[in-house]
Amino acid sequence: MSAMKQEEVKAQLDKILRIFKTTDGEIRPHFMLTGPSGSGKSFTIGCLAEQHELNFIEVNAAQLTKEGLSGNSLSKALTPLLQAGGRMTVVFVDEFDKLFISGNNCELAHESTTGVQNEFLKVLESDNAQVFGDYGKYITVPMDKVLFVFAGAFNGIENIDLDKLRDFGLKTEFIGRVGLIFNLAKPTLESMHKLLHTSKLLETYLKVFPKAERSDALEKIGAAIDESYEKNTLGVRLINTMLHKYFINGGKLTEKVVKESSFQKTLEFSSATH
């Protein structure tokens, strides 16, 4: 996917969230977001939600179990809606494909993941949902101001469409309610550099290490991104990994043994030795 096409997809996603907010949730175009691991699915939606001042909740579908079984049920995963205070919220459901792509090797696992898919369907169909509250009590929360984004890597398969989703095992009833599909590809080198330059993690590190030079960090990490781009399997996560290495290793991207540092508001930048 070209950089231009990638930006077109992001512009469409931005438009969806804008419509959702402008209509105060009267229009809720729930959608699927596909793309390989590291393509920035969570990052992109999180940034757009922040730009539109929407509450953002992330749910890992791979960790969910059917209601009634031990584990993290959907009613528990949606508990943060209680703290949303009625604010318009985007619920990002990561690894949603794990609920229906084959790979479950026992009948109980299959029953549980199918059950979770059904529970998501109930939530999409209802004006209200039951979430797990204090003391084990279920509390009713309105769903009219909640937009769902269902994301997954889909085994790296490109050009996911409705027919492929149905072949995977996604219920027709579900597709009828979440029929929009968007795909993010591996981030371009240009977008990686743009994300580095606007990184909040970078700015936070610069506050912790005031003697560190921003320009030096951008130069060295930028060069490392260029060098590793073709073999990068982390996608946008590579940026944070490089930032951690750079600042923890005293301005270098090689592994070091870090000397003992005192915990304080600001730290000395050169606190590592070979």
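A trainee asks a mentor how the terms used for this predicted model are justified.

Trainee: What makes a residue or an atom pair count in this model?
Mentor: The model is predicted, and local features need pLDDT of at least 70, side-chain atom pairs count only at pLDDT 80 or more, and totals for chains, interfaces and linings use all residues. Residues are numbered from 1 along each chain as its sequence is written, and side-chain values use heavy atoms, with hydrogens and water left out.

Trainee: How many helices and strands does the protein chain have?
Mentor: The chain has 10 helices and 9 strands. Helices are DSSP runs of H or I with at least four residues, strands are runs of E with at least two, and both are numbered from the N terminus.

Trainee: Why is E95 called partly exposed?
Mentor: Buried means under 20% relative accessible area, exposed means over 50%, and partly exposed lies in between (1.4 Å probe, protein chains only). E95 has 25% relative accessibility, so it counts as partly exposed. E95 sits in the loop between β3 and α4 (107-125), and its phi is near 55 degrees, a positive value in a residue other than glycine.

Trainee: Why is N159 called exposed?
Mentor: The relative accessible area of N159 is 59%, so N159 is exposed. N159 belongs to the loop between β6 and α5 (162-168), and it too is a residue other than glycine with a positive phi, near 55 degrees. Over the protein chain, buried residues make up 43% of the 274 residues.

Trainee: What makes β2 and β3 a pair?
Mentor: Two strands pair if DSSP finds at least two bridges between them. β2 and β3 are joined over 6 bridges in the parallel sense, with N60 opposite D94 in β3. On its other side, β3 (residues 89-94) is joined by 5 bridges to β6 (residues 146-152), and these strands run parallel. There V93 stands opposite F150 in β6.

Trainee: Why are β2 and β7 called edge strands?
Mentor: The open sheet has 5 strands in the order β2-β3-β6-β1-β7, with parallel pairing. β2 (55-60) and β7 (180-183) each have a single partner strand, so one side of each is left without a neighbour in the sheet. The twist averages 20 degrees from one strand to the next; axes are lines fitted to C-alpha atoms, for helices over the stretch in contact, and angles run from 0 to 180 degrees between N-to-C directions.

Trainee: How do you know that the side chains of β2 alternate?
Mentor: N55, I57 and V59 point to one face and are buried, while F56, E58 and N60 point to the other face and are not buried. In a regular strand the side chains alternate between the two faces of the sheet.

Trainee: What makes β4 and β5 a hairpin, and in which sense do they pair?
Mentor: β4 and β5 pair in the antiparallel sense over 5 bridges, and 5 residues lie between them. Y135, in the turn, has a positive phi of about 60 degrees. F132 stands opposite Y138 in β5. Strand β4 (residues 128-132) has a covered face, with A129 and V131, and an uncovered one, with N128, Q130 and F132.

Trainee: Which residues does K21 contact, beyond its neighbours in sequence?
Mentor: Contact means heavy atoms within 4.5 Å. Leaving aside neighbours within four places in sequence, K21 is in contact with H52, E53, L54 and M88. K21 lies in helix α1 and, at 33% relative accessibility, counts as partly exposed. One of its contacts, E53, comes just after α2 and takes a positive phi of about 55 degrees.

Trainee: What is called a pocket here, and what volume does the largest one have?
Mentor: On a 1 Å grid over the protein atoms alone, a cavity is a set of points where a 1.4 Å probe fits but cannot get out, whereas a pocket is an open set with protein on both sides within 12 Å along at least five of seven lines; lining residues have an atom within 4 Å of a point. The largest pocket has a volume of about 1100 Å³. Grid points are joined across faces, edges and corners, and a volume is the space filled by probe spheres set on the points.

Trainee: Which residues lie nearest the centre of the largest pocket?
Mentor: Of its 38 lining residues, G40, F43, T44, C47 and L195 lie nearest the centre. The largest share of the lining, 9 residues, comes from α2.
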